[in-house]
Amino acid sequence: MAAQRKYLVKDFNHFITCYVCKGYLIKPTTVTECLHTFCKSCIVKHFEDSNDCPKCGIQVHETNPLEMLRLDNTLEEIIFKLVPGLREKEQQQELEYWRKNKSKEHGEEDVPRTKRPRIDDDEEEGGDQDYHRSDPQIAICLDCLRNNGQMGENIVKGLMKKFIRCSTRVTVGTIKKFLSLKLKLPSSYELDVLCNGEIMGKDHTMEFIYMTRWRLRGENAYPMVLEYRPRIDFG
């Protein structure tokens, strides 16, 4: 039997690097007119000065090329699996950037605060369970994302009470456990949690998501909306 060939990450660099910055694709974003993919920040910045694709030169849109961009979440997951440590590095750099700039822009904390640190109004107050009392709080709406014909829809339902408040330090992993408990899902059942259509990593905190994904919607975009759905296996 012939030995199975082992591939190196560099063998795939042509498919997972950005034409503009030459680095690995971060938040891969595809131009729908020509299907070329770039880092989101690279292509958005490019379109500030040009309406043409930086790779092939085709005019993407006469007036607003940003309308012709689509995030490629599947490619992003593939890149993170191919390149060890890339996801964690980008999350840390992004969080540090927003922390550094939020005080310059607003002169105060941007994360919404409420007085009580409960993840759900049904939980009991007092005792050691309320260990986030001194933390900044954030209000969240948990919406069930439904796709016609998707497996698992009969199991995953909407919450009776979809508005919660919790510590900004709570992670997506904790939110998933909370949803599994409330929805009475089997222990082996997996959920995806999304913000603005982008799948969030299990170690993302609510502060990180708010600062890097949600607050760009403006001051009136409150509470922060997270969507959940049965995990999609891309094979």
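Which residues does Q91 touch, not counting residues up to four places away in sequence? Hold that thought while we get our bearings. What you see above is a predicted model.

**The whole chain**

Let's start with the big picture. The chain holds 6 helices and 8 strands. If you walk along the sequence, they come in the pattern α-β-β-α-β-α-α-β-β-α-β-β-α-β. Out of 235 residues, 41% count as buried. Take the contacts between residues at least 6 apart in sequence: 61% of them join residues at least 24 apart. As for the outside, the accessible surface adds up to about 14,800 Å², and 49% of it belongs to carbon and sulfur atoms.

**The three-stranded sheet**

Now look at the part that UniProt, in an unreviewed entry, labels "domain: RING-type", at residues 18-56. The C-alpha atoms at the two ends of that span sit 13 Å apart, and the span is 18% helix and 18% strand.

Next comes an open sheet of 3 strands in the order β2-β1-β3, with antiparallel pairing. Its edge strands are β2 (37-39) and β3 (69-71), each of which pairs on one side only. On average, neighbouring strands here are turned by 35° against each other, if you ignore direction. Strand β1 (residues 28-31) is joined to β2 by 3 bridges, and the two run antiparallel. One pair to find on screen is P28 with its bridge partner C39 in β2.

What holds paired strands together in general? Strands of a sheet pair through backbone hydrogen bonds, in either a parallel or an antiparallel way.

**Helix α3**

Helix α3 covers residues 73-82, and its buried residues are L75, E76, E77, I79 and F80. Check out the start of α3 as well: a side-chain oxygen of D72 comes to within 3.4 Å of the backbone nitrogen of T74.

**The five-stranded sheet**

There is also an open sheet of 5 strands, ordered β5-β4-β8-β6-β7, and its pairing is mixed. At the edges you find β5 (163-167) and β7 (198-199), each pairing on one side only. Helix α6 (residues 206-214) packs on this sheet and touches β4, β5, β6 (191-195), β7 and β8; the direction of α6 makes about 105° with that of β8.

Strand β4 is a good one to follow. It is mostly covered, with 6 of its 8 residues buried. Here is how β4 links up with two other strands:

| Strand joined to β4 | Bridges | Direction |
|---|---|---|
| β8 (residues 224-230) | 5 bridges | parallel |
| β5 | 5 bridges | antiparallel |

You can spot some of the facing residues yourself. On the β8 side, D143 stands opposite E227, and I140 stands opposite M224. On the β5 side, Q137 stands opposite S167.

**Back to Q91**

Time to settle the opening puzzle. Q91 belongs to helix α4 (residues 86-106). Leaving out residues up to four places away in sequence, Q91 touches H204 and F208. The side chains of Q91 and H204 are also joined by a polar contact of 3.2 Å.

Is Q91 buried or exposed? Q91 counts as buried because its relative accessible area is 18%, and the cut-off for buried is under 20%.

Definitions and conventions: Residues are numbered from 1 along each chain as its sequence is written. This is a predicted model: local features need pLDDT of at least 70, side-chain atom pairs count only at pLDDT 80 or more; totals for chains, interfaces and linings use all residues. Side-chain values use heavy atoms; hydrogens and water are left out. UniProt positions are given in the numbering used here, feature names are shortened, and annotations may be inferred rather than shown by experiment. Helices (H or I, at least four residues) and strands (E, at least two) are DSSP runs, numbered from the N terminus. Two strands pair if DSSP finds at least two bridges between them. Axes are lines fitted to C-alpha atoms, for helices over the stretch in contact, and angles run from 0 to 180 degrees between N-to-C directions. Buried means under 20% relative accessible area, exposed over 50%, partly exposed in between (1.4 Å probe, protein chains only). Contact means heavy atoms within 4.5 Å. Accessible areas come from the Shrake-Rupley method with a 1.4 Å probe; for residues, only the protein chains shown count as cover. A polar contact is a pair of N or O atoms within 3.5 Å; within protein, one must be able to donate a hydrogen and the other to accept it, and residues adjacent in sequence count only if both atoms are side-chain atoms.
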